Amino acid sequence: MTENMQRVAIVTGGSRGIGRAVAERLAADGQAVVVAYASNQTEADAAVAAISSSGGQSIAVRVDVGDEQAVAALYAAAEERFGGVDVVVNAAGIMLLSPLASLDVDDLDRMYRTNIRGAFLVTREAVRRVRPGGAIINFSTSVTRLSLPTYSAYAASKAAMEALSPIIAKELKGRDITANTVAPGPTATALFLDGKDEETITRMAGMNPMNRLGRPEDIAEVVSFLAGPARWINGQTVFANGGVA
Ligand SMILES: NC(=O)c1ccc[n+]([C@@H]2O[C@H](COP(=O)([O-])OP(=O)(O)OC[C@H]3O[C@@H](n4cnc5c(N)ncnc54)[C@H](OP(=O)(O)O)[C@@H]3O)[C@@H](O)[C@H]2O)c1
């Protein structure tokens, strides 16, 4: 992209949690932001309103990331409204936990539909359309290293992103587009908090030396760096977790 063009970002999962914080942070950085969401229009509209009230530019687009045509329509909407796409942040995701022995294969399919098929469709469209100077950022999880019981299917679905980003970074050779993965640790969003008792939350918050849960803004800080100035970080997985082990 040329110097005087505004950067345009698509943030899937932009209605809530980490994606919401990313959407607001990229808007504060001066990017126009497309907030992509699955069903929660109230939260998506609130994200757009928050960005607008801070002087930023944003639209919300409903999309099931597992739907090929809907993903193409998402990019078309971004290009029609803002003229192109420079940054794609793939934060949409779901997490269903179970020991493998009692894993419901429908849960496995649901996670793989959003976390792998969906992320692949969004990233495939990104490698086709993102402009030179752009950045693609996928989401894994620190559980790929922590190896916590009950996380096998979820962690496997997110580990796919750690495989994908370095390969597309190479496939994008010569286009000046970076592709990286961010792997958060436990972060205070509905995805992490729902269904956990206080004792579990406190114990997991104590797994890192900072002795607290990550905040969505902590992760947005890393994404902002990768989506803007960090041109020499490419094909990497950045573990953003306060030092969890
Ligand atoms: N929170 C953590 O501790 C943690 C740790 C490591 C990695 N992560 C990863 O970070 C990313 C963001 O997680 P989060 O904690 O922010 O989750 P969250 O608060 O539950 O938000 C999930 C977002 O994904 C959207 N979404 C879900 N399924 C979708 C689909 N099929 N199509 C389009 N959008 C869809 C939701 O849209 P609606 O609002 O419309 O439902 C929502 O905006 C995920 O990839 C997650 O795996 C999270």
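On a 1 Å grid over the protein atoms alone, a pocket is an open set of points with protein on both sides within 12 Å along at least five of seven lines, and its lining residues have an atom within 4 Å of a point. By that yardstick, the largest pocket here has a volume of about 1100 Å³, where volume is the space filled by probe spheres set on grid points joined across faces, edges and corners. The ligand takes up this pocket, given that a molecule sits in one if more than half of its atoms lie within 2 Å of its grid points.

This is a predicted model, so to speak: local features need pLDDT of at least 70, side-chain atom pairs count only at pLDDT 80 or more, and totals for chains, interfaces and linings use all residues. Residues are numbered from 1 along each chain as its sequence is written, and side-chain values use heavy atoms, with hydrogens and water left out.

**Pocket lining**

- Of the 43 residues lining the largest pocket, Ala 91, Ala 92, Gly 93, Ile 94 and Leu 191 are the closest to its centre.
- The lining splits into 22 nonpolar, 15 polar and six charged residues (Ala, Val, Leu, Ile, Met, Phe, Trp, Tyr, Cys and Pro are nonpolar; Asp, Glu, Lys and Arg charged; the others, Gly among them, polar).
- At least two lining residues each come from α1, β2 (32-37), α4, α5 (143-146), α6 and α7; helices (H or I, at least four residues) and strands (E, at least two) are DSSP runs, numbered from the N terminus.

**Ligand shell**

- There are 30 residues around the ligand (one heavy atom within 4 Å), and Ser 15, Ser 39, Tyr 154, Lys 158 and Thr 189 come nearest.
- By class, this shell has 15 nonpolar, 12 polar and three charged residues.
- α7 (190-193) is among the helices giving at least two shell residues, along with α1 (17-28) and α6 (152-171), and α7 gives the most, with three.

**Polar contacts** (N or O pairs within 3.5 Å)

- One ligand oxygen contact, at 2.7 Å, is to a side-chain N or O atom of Arg 16.
- Ser 39 offers a polar backbone atom 2.7 Å from a ligand oxygen.
- For a ligand nitrogen, there's a polar side-chain atom of Thr 114 at 3.4 Å.
- The protein buries 94% of the 910 Å² that the ligand exposes when taken alone (Shrake-Rupley, 1.4 Å probe).

**Cavity**

- The whole structure holds one cavity of 30 Å³ or more, a cavity being a set of grid points where a 1.4 Å probe fits but cannot get out.
- The largest cavity has a volume of about 40 Å³, and its lining includes Thr 114 and Lys 158.
- α4 (105-129) supplies the largest share of that lining, four residues.

Definitions and conventions
Polar contact = N/O pair within 3.5 Å; in protein donor to acceptor, adjacent residues only side chain to side chain.
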